[in-house]
Amino acid sequence: RQSLAYVTLMREHIEKEEQVLFPMGRATLTAEELEEIQAGFDTIPSPAPDLASFAQEASALLAEVESAT
């Protein structure tokens, strides 16, 4: 049950970022600032393929657990 509460908390957190914070940032920052931020993110290596696969499997399992409760 605690894991489901954590999943709910994280989904709400991500939704708030997507619906409130990111649009606010896009409206506030200049094009140059946004480009600078993107350039910083572009230097971060992408996750290893096996990690991405693990994340997809974990997400699918969590969805199964949630639908069963």
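**Overall dimensions.** I began with the radius of gyration of this predicted model, and I noted 16 Å for the protein, whereas a compact globule of 69 residues would come out near 11 Å. I then looked up the box that the C-alpha atoms fill along the principal axes, and I wrote down roughly 45 × 30 × 15 Å.

**Secondary structure.** I went through the elements from the N terminus on and found the order α-α-α, that is, three helices and zero strands. Helix α1 covers residues 2-28, helix α2 covers residues 31-42, and helix α3 covers residues 49-68.

**Confidence.** I checked how far the prediction can be trusted along the chain, and I recorded an average pLDDT of 85, with 93% of the residues scoring at least 70. Among the elements, helix α2 has the highest mean pLDDT, at 92, while helix α3 has the lowest, at 76.

**Surface and charge.** I looked for buried residues and found that they make up 3% of the 69 residues in the protein. The accessible surface comes to about 6,100 Å², and I noted that 61% of this surface belongs to carbon and sulfur atoms. For the charged side chains I entered 4 positive and 13 negative, and the centres of these two sets lie 13 Å apart.

**L34.** I picked out L34, which lies in helix α2, and asked myself whether L34 is buried, exposed or partly exposed. Its relative accessible area is 32%, so I put L34 down as partly exposed, given that buried means under 20% and exposed over 50%. Leaving aside residues up to four places away in sequence, I found that L34 touches R26 and L29. I also looked up the separation of L34 from E64, which stands 30 residues apart from L34 along the chain, and I recorded 38 Å between their C-alpha atoms.

**P23.** I turned next to P23, which is found in helix α1, and I asked which residues P23 touches once those up to four places away in sequence are not counted. The entry reads E17 and E18. P23 has a relative accessible area of 34%, and I therefore list P23 as partly exposed. Finally I looked up P23 and Y6, which are 17 residues apart along the chain, and I noted that their C-alpha atoms are separated by 25 Å.

Key:
Residues numbered from 1 in each chain as written. Predicted model: local features only at pLDDT ≥ 70, side-chain atom pairs only at ≥ 80, totals over all residues. Heavy atoms only, no water. Helix = DSSP H or I, 4+ residues; strand = E, 2+ residues; numbered from the N terminus. Rg over C-alpha atoms; globule rule 2.2 N^0.38 Å. Buried < 20%, exposed > 50% of the residue type's maximum accessible area, 1.4 Å probe, protein only. Areas by Shrake-Rupley, 256 points an atom, 1.4 Å probe, with all protein chains shown as cover. Lys, Arg positive; Asp, Glu negative; His and termini not counted. Charge placed at Lys NZ, Arg CZ, Asp CG, Glu CD. pLDDT = per-residue confidence, 0-100. Contact = heavy atoms within 4.5 Å.
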